[in-house]
Amino acid sequence: MSADTRLEELGGSGLGEVDEPAFSGLAERHRRELHVHCYRMLGSFEDAEDTVQETFLRAWRRRQTFEGRSTFRAWLYRIATNACLDLLAKRRPEPATGGEVLWLQPYPDRLLDELPAGDTDEPEGLAVARETIELAYLVAVQHLAPRPRAVLILRDVLGWPAKDVAEILGDSVNSVNSALQRARAGMREHLPAERQDWTGGEQDAATRELVRRYTDASVATDIPTLAALLRDDVRCSMPPTPGLYVGRDAVVNDWVENGFEGMKGLRAVLTSVNRQPAVAFYLRQEREGTYLPLTIDVLRVTGGAITEIITFHDDQFPRLGLPELLPADGTE
């Protein structure tokens, strides 16, 4: 039974007679998709969590304004989008020069698996859903001004008509169409030129083998082998730590300068994040006799080479469902 069908049973088109537990039950059905929507808008998992909570609070306080002219789901999206815009207006800095997005956080695949199927049953829908959650897309979106960003996500990701988007944002249809053109131009500027260069797609056998070789070479701290797996124009960053390295030589030099070759006692766990291959690294602690979380590399693979590495710190391990430690005997 859909939330909107349930709404009809509870009180027709309005929400005035719906009590708080029933209202929460209606809203919770949409939590995961609203969270992903806010994540696309904000680039931060934590900000998205806070904004969804704010959305539910605003919705409850404004329940009398729901008149049934749109679906309950659309009404929640309207509130969530404007909550994101309010947050961006308060405190979001401009993206750093060179393409850095220091507030970027990963999104667990296990939570993406909880999304309702919706319109993603069709192959194209599946592709859009996957591509628009990958980190390259998220980074590009963060370079857009907030309102064009909202228009792009509502129109191109969710597939909403311009008229509905205009109503959500309090703009005219002409204004929405103009913002969409600007947003698409901005995305072309910040995404790799070819579509296949910014989406890894499904992980085929060749990609899995490449990730395995990357993992083995990393554990062995074998920089020459790692360098051979990188594309010439590879990009490497580590939010929230400033620093974007572009090109194989720049990336390798950074590894050498930071003493990566001398780091011994690594173990790795293969996983996936934002529908991309990822490798979580653990470092042996002699005193504890265990391996503790170190970093997680999220990889973008194109044409048999690694084209981007985004590394996250160990504070992201719990959210991603990764073990808090690995025992020294090799069991997990």
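Trainee: Hi! Which residues in α10 meet α11?
Mentor: Ala-162, Lys-163, Val-165 and Ala-166 of α10 meet Val-173, Val-176 and Asn-177 of α11; a contact means heavy atoms within 4.5 Å. This is a predicted model, where local features need pLDDT of at least 70 and side-chain atom pairs count only at pLDDT 80 or more, while totals for chains, interfaces and linings use all residues. Residues are numbered from 1 along each chain as its sequence is written, and side-chain values use heavy atoms, leaving out hydrogens and water.

Trainee: What kinds of residues make up that contact of α10 with α11?
Mentor: There are 5 nonpolar, 1 polar and 1 charged residues in it. Here Ala, Val, Leu, Ile, Met, Phe, Trp, Tyr, Cys and Pro count as nonpolar, Asp, Glu, Lys and Arg as charged, and the others, Gly among them, as polar.

Trainee: And at what angle do the axes of α10 and α11 cross?
Mentor: Roughly 100°, with the axes of α10 (residues 162-169) and α11 coming within 8 Å. That makes α10 roughly perpendicular to α11. The axes are lines fitted to C-alpha atoms, for helices over the stretch in contact, and angles run from 0 to 180 degrees between N-to-C directions. Under 35 degrees is roughly parallel, over 145 roughly antiparallel, 65 to 115 roughly perpendicular, and the rest oblique.

Trainee: How do α9 and α11 cross, then?
Mentor: At roughly 95°, and the axes of α9 (residues 146-157) and α11 (residues 173-190) come within 8 Å. So α9 and α11 are roughly perpendicular to each other. From α9, Pro-148, Val-151, Leu-152, Arg-155 and Asp-156 take part, and their partners in α11 include Val-176, Leu-180, Arg-184 and Met-187. By class, the contact of α9 with α11 has 8 nonpolar, no polar and 4 charged residues.

Trainee: Zooming out, how many helices and strands does the protein have?
Mentor: It has 14 helices and 7 strands, which are DSSP runs numbered from the N terminus (helices are H or I, at least four residues; strands are E, at least two). Of the 332 residues, 49% are buried, meaning under 20% relative accessible area, with exposed over 50% and partly exposed in between (1.4 Å probe, protein chains only).

Trainee: New topic: how much space lies in the second largest pocket?
Mentor: About 580 Å³. On a 1 Å grid over the protein atoms alone, a pocket is an open set of points with protein on both sides within 12 Å along at least five of seven lines, a cavity is a set where a 1.4 Å probe fits but cannot get out, and lining residues have an atom within 4 Å of a point. Points are joined across faces, edges and corners, and a volume is the space filled by probe spheres set on them.

Trainee: Which residues are closest to the pocket's centre?
Mentor: Of its 23 lining residues, those are Met-238, Asp-254, Trp-255, Phe-260 and Thr-311. Strand β2 gives the largest share of the lining, 4 residues. The lining divides into 13 nonpolar, 8 polar and 2 charged residues.

Trainee: How many cavities of 30 Å³ or more are there?
Mentor: The count comes to 2, and the second largest holds about 30 Å³. Leu-135, Gln-276, Arg-300 and Glu-308 are among the residues lining that second largest cavity.

Trainee: Last one: is Ala-328 buried or partly exposed?
Mentor: Ala-328 is partly exposed, at a relative accessible area of 35%. Ala-328 sits in the segment after β7 (326-327). Its C-alpha atom is 6.5 Å from that of Tyr-291, though 37 residues separate the two along the chain.
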